[in-house]
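Visitor: I should like to learn how the packing of helices and of aromatic rings is read from a model. Might we begin with the helices?

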Amino acid sequence: MSWSERIRLKHLQVLIRLCEQKSMSDVARQSNMTQPALSKWLKDFEDNIGMPLFERHARGIEPLPAALALVSQAQGVLNRLDRMNATLEQYRQGFRQQFTLGISPMVAAVYLPQLLVYLYQRDPQCHIRIQEGTLDVLSRNLEQGELDLVIGRVDEAGRNPAMAYLPLGMVPLGVAAWREHPLAQQKEITWEQTLDYPWILPPRNSPMRRSFELSLDAKGLTYPTCAIESAYAHTNARVAVGSDFLVPMTRSMVPVYPELCILELDWSDQRLHGQLGLLWRPQDSGEPMLEEVISWMSQQAQAA
């Protein structure tokens with residue numbers, strides 16, 4: 001019998017805690033074990049798999065790469081079990097299908113309302129859960145089993161190659177402003193003029209923020225002043241209305257907010273214009289609800 005057949009859910013939880021807390025004594029206490037018992041279990045486990053998982057030192061333990069990889073998979077197993085419980089609960093309430101969708105805020109503003117109405121009309125007994133967020137967070141949650149599908153602006157360089165991927169076309173980006181903004185009244189605008197105004201930017205280290213800054217670096221341009229850091233596209237758009245704030249925004253999103261317009265800037269750097277794409281786990285291909293959403297999104301992208 002292999003180690004994977006003998007391991008219990010409690011053991012997966014213990015491994016996760018060891019990687020997070022790096023303290024045998026703390027994890028032993030939280031797991032209702034003695035420290036010697038935990039040390040023996042860990043040593044036996046490492047012997048069974050044939051490699052060390054942690055480096056021991058006087059201050060505690062440090063997870064090795066194999067432990068981090070194993071814990072990532074363990075978290076996915078636990079998340080899938082949570083999803084199984086949620087699925088059973090939805091069946092008890094009369095729902096026949098459950099689908100969990102991750103979507104980036106800018107894409108959500110354009111596609112999500114119509115998609116949800118379409119899915120409900122197709123099957124009123126489906127239960128849909130939405131998670132909005134930056135693509136790096138959504139991709140991690142997808143890999144760990146918390147999501148069924150991710151829709152967003154895909155950073156090709158940072159895309160997880162283990163996930164199935166369907167590109168749907170470019171997502172042109174622009175700088176949005178209130179229609180009464182001083183710069184909106186001008187036909188030709190230089191980048192330097194935009195630096196006189198406050199900006200709302202995506203969170204630091206998010207894929208969109210990285211693309212934004214790389215594009216500016218390539219052109220030798222100065223970064224704007226980030227007065228507000230926010231991933232919430234709807235909130236950003238509402239703040240821009242009636243104010244001097246400038247905000248990067250997909251051009252397809254602007255018609256949702258008629259009080260906004262795209263400034264006439266030279267915005268030709270292709271690194272800014274990300275790819276709209278779908279990500280899902282390959283093993284889930286063929287699932288009816290997943291295929292329904294993929295088909296609908298493909299049709300919308302072709303019609304755009």
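Guide: Angles under 35 degrees count as roughly parallel, over 145 as roughly antiparallel, 65 to 115 as roughly perpendicular and the rest as oblique. Please keep in mind that the model before us is predicted.

Visitor: Which quantities describe two packed helices?

Guide: Such a pair is described by the angle between the two axes and by the distance between them. In this structure, the axes of helix α6 (residues 105-122) and helix α11 (residues 288-303) come within 11 Å and cross at roughly 135°. An angle of roughly 135° belongs to none of the named ranges, and α6 and α11 are therefore oblique to each other.

Visitor: What is the handedness of the crossing of α6 and α11?

Guide: The crossing is right-handed.

Visitor: Which residues of α6 and α11 meet?

Guide: From α6, the participants are Tyr111, Gln114, Leu115, Tyr118, Leu119 and Arg122; from α11, they are Met289, Glu292, Val293, Trp296, Met297 and Gln300. By character, the residues of this contact between α6 and α11 comprise eight nonpolar, two polar and two charged.

Visitor: Let us turn to the rings. How many aromatic pairs are found in the whole structure?

Guide: The search finds five aromatic pairs. One of them joins Trp41 and Phe45, with 5.4 Å from centre to centre and 10° between the planes, and this pair is stacked.

Visitor: Where do Trp41 and Phe45 lie?

Guide: Both are in helix α4 (residues 35-49), four residues apart, which corresponds to about one turn of the helix. Trp41 and Phe45 are both buried.

Visitor: Why is the pair of Trp191 and Phe212 called tilted?

Guide: Planes under 30 degrees apart count as stacked and over 60 as edge-to-face, with the rest tilted. The planes of Trp191 and Phe212 stand at 55°, with ring centres 6.4 Å apart, so the pair is tilted. This pair links distant parts of the chain: Trp191 belongs to helix α8 (residues 191-194) and Phe212 to helix α9 (residues 207-219), 21 residues apart.

Visitor: Are Trp191 and Phe212 buried or exposed?

Guide: Both are buried. Ring pairs also bring in Trp199, which forms a cluster with Trp191 and Phe212.

Visitor: What is the wider setting of these features?

Guide: The protein has 11 helices and 12 strands. Of its 304 residues, 46% are buried. Among contacts between residues at least 6 apart in sequence, 71% join residues at least 24 apart.

Key
Residues numbered from 1 in each chain as written. Predicted model: local features only at pLDDT ≥ 70, side-chain atom pairs only at ≥ 80, totals over all residues. Heavy atoms only, no water. Phe/Tyr/Trp six-rings, centres within 6.5 Å; stacked < 30°, edge-to-face > 60°. Helix = DSSP H or I, 4+ residues; strand = E, 2+ residues; numbered from the N terminus. Buried < 20%, exposed > 50% of the residue type's maximum accessible area, 1.4 Å probe, protein only. Axes fitted to C-alpha atoms, helices over the stretch in contact; angles between N-to-C directions. Left-handed = near helix turned anticlockwise from the far one by under 90°. Contact = heavy atoms within 4.5 Å. Nonpolar A, V, L, I, M, F, W, Y, C, P; charged D, E, K, R; others polar.
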